[in-house]
Structures are given as structure tokens and as C-alpha cells.
Amino acid sequence: MPVREVFRGMQLADDDELVKVHFELKEPDMGGSGESLWADPVGSNPYELRNSPWHVRTVNWLDVVEAIPEAEDLWPEFIRVHKRSGLRTIHLFISDAGQSSSQEILDMCNQLGATYEGLNDRVFALDFAPEIALPPPSNTAVMQEREWADWRINECD
């Protein structure tokens, strides 16, 4: 299997092997009625999620989900979570006051062991290991005190 990167000792598939898994959103958030996430097929119906969710609040990066396409030419539709990765996703929204400190905010999260991907220069999906308390207490106090950012934590089991 081609290796794109190694994350905590895991080999991740090359982007060429990834497919989109579609999640229907019953309560559209931020203007979308669904979201499609990149995933690595790990069998006939299980897929390991390979990007952070932005609108789907019930899964996290590297969760394994069951998904089945409704037709041969359609993306697989999410059915259920098969196995949790243990990672937790936080969506970070950087305020006007925090805009000049966005790299400092991201560096604080990296120091705690988070990885992230950006939607733009103000919205980030941070992925935290299971042993990290969420939201991180020291960073939370600093960000709230300075009114740099707000966040939401994915609502997973």
C-alpha cells in the first residue's frame, strides 16, 4: 500500500485510493444539506475517514464507518459508525480580535498534540488524541480572556 504519511504509527493510504463517503445532514449547518468526506476503503462497506468533518458532528478523523452506495455511480452513503478512532474533532472559529494571533492559537493546539486542517484562514478542524481534555483548559482560558476564538466539539459517543 502506498504511504502518504505516518500518523501515530499508522500507514495511511495514498490519495489515489480514497473515495468520498456522503453524510446526509438532517439539520443543515452552515448552509449545507450534506457533507462528503474522503475515506479509505477497508473492506466492501467499511471506510476509514481521512479528512476532518466540517458539518457532520457525529464522526471524527480516522473513525471507521459503514457506508453503502445507493447506486453503482453514486458515492457510498453513511449508515453507521463501525469503530471509533478515539480522536476528537473541535471546530475552531478565530474572531476578528484573534486574527493576528491565529498562528499562535494553532501553535498552542499543536503543543497539545493536535493536528488540524483549515477551511480558510479563520475556521479550522482540530483533531485531538483521546487523552487530551476537551476543550483544553489552559488554551480555553487564554482564548476566551483575549476573545480570540470560539469552538464547538463534535458530539460523539
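Author: Before we start: buried here means under 20% relative accessible area. And keep in mind that this is a predicted model.

Reader: Fine. What share of the chain's residues is buried, then?

Author: Of the 157 residues in the chain, 43% are buried.

Reader: And how many helices and strands are there?

Author: The chain has 2 helices and 11 strands. Going along the sequence, the order is β-β-β-β-β-β-β-β-α-β-β-α-β.

Reader: What about contacts, how much comes from residues 24 or more positions apart?

Author: Such pairs make up 50% of the chain's contacts with a separation of 6 or more.

Reader: Let's look at α1. Which of its residues are buried?

Author: Helix α1 covers residues 102-111, and its buried residues are S102, I105, L106, M108 and C109. These sit on the same side of α1, because the arc they cover around the axis is only 155°.

Reader: What follows that helix?

Author: G113 comes after α1, and its phi is positive, near 100°.

Reader: On to the packing. How many residues are in the largest nonpolar core, and which have the most contacts inside it?

Author: That core has 13 residues, and L92, L126 and F128 have the most contacts inside it. Two or more residues each come from β8 (88-94), α1 and β10 (123-128).

Reader: Which element gives the most?

Author: α1 does, with 4 residues in this core.

Reader: Is there a general reason why nonpolar side chains end up together, or what's the tendency?

Author: In soluble globular proteins, nonpolar side chains tend to be buried together.

Reader: OK, what does L126 touch?

Author: Leaving out residues up to four places away in sequence, L126 touches R88, T89, I90, L92, L106, C109, T115 and Y116. Another core, of 11 residues, lies apart from the largest one, and L37, A39, Y47 and A67 are among its members.

Reader: Switching topic: where is D127, and is it buried or exposed?

Author: D127 is in strand β10, and D127 is buried.

Reader: Which side chain of opposite charge is nearest to D127?

Author: That's R88, but R88 is 9.0 Å away and D127 has no salt bridge. A salt bridge would need a side-chain nitrogen of Lys or Arg within 4 Å of a carboxyl oxygen.

Reader: So what polar contact does the D127 side chain make?

Author: The side chains of D127 and T89 are joined by a polar contact of 2.9 Å.

Reader: And what else does D127 touch?

Author: Besides T89, D127 touches S52, W61, R88, G113, A114 and T115, again not counting residues up to four places away in sequence. G113 in that list is the residue that follows α1.

Note on methods:
Residues numbered from 1 in each chain as written. Predicted model: local features only at pLDDT ≥ 70, side-chain atom pairs only at ≥ 80, totals over all residues. Heavy atoms only, no water. Buried < 20%, exposed > 50% of the residue type's maximum accessible area, 1.4 Å probe, protein only. Arc of directions from axis to C-beta. Core = buried A, V, L, I, M, F, W, Y, C linked by side-chain atoms within 4.5 Å. Contact = heavy atoms within 4.5 Å. Lys, Arg positive; Asp, Glu negative; His and termini not counted. Polar contact = N/O pair within 3.5 Å; in protein donor to acceptor, adjacent residues only side chain to side chain.
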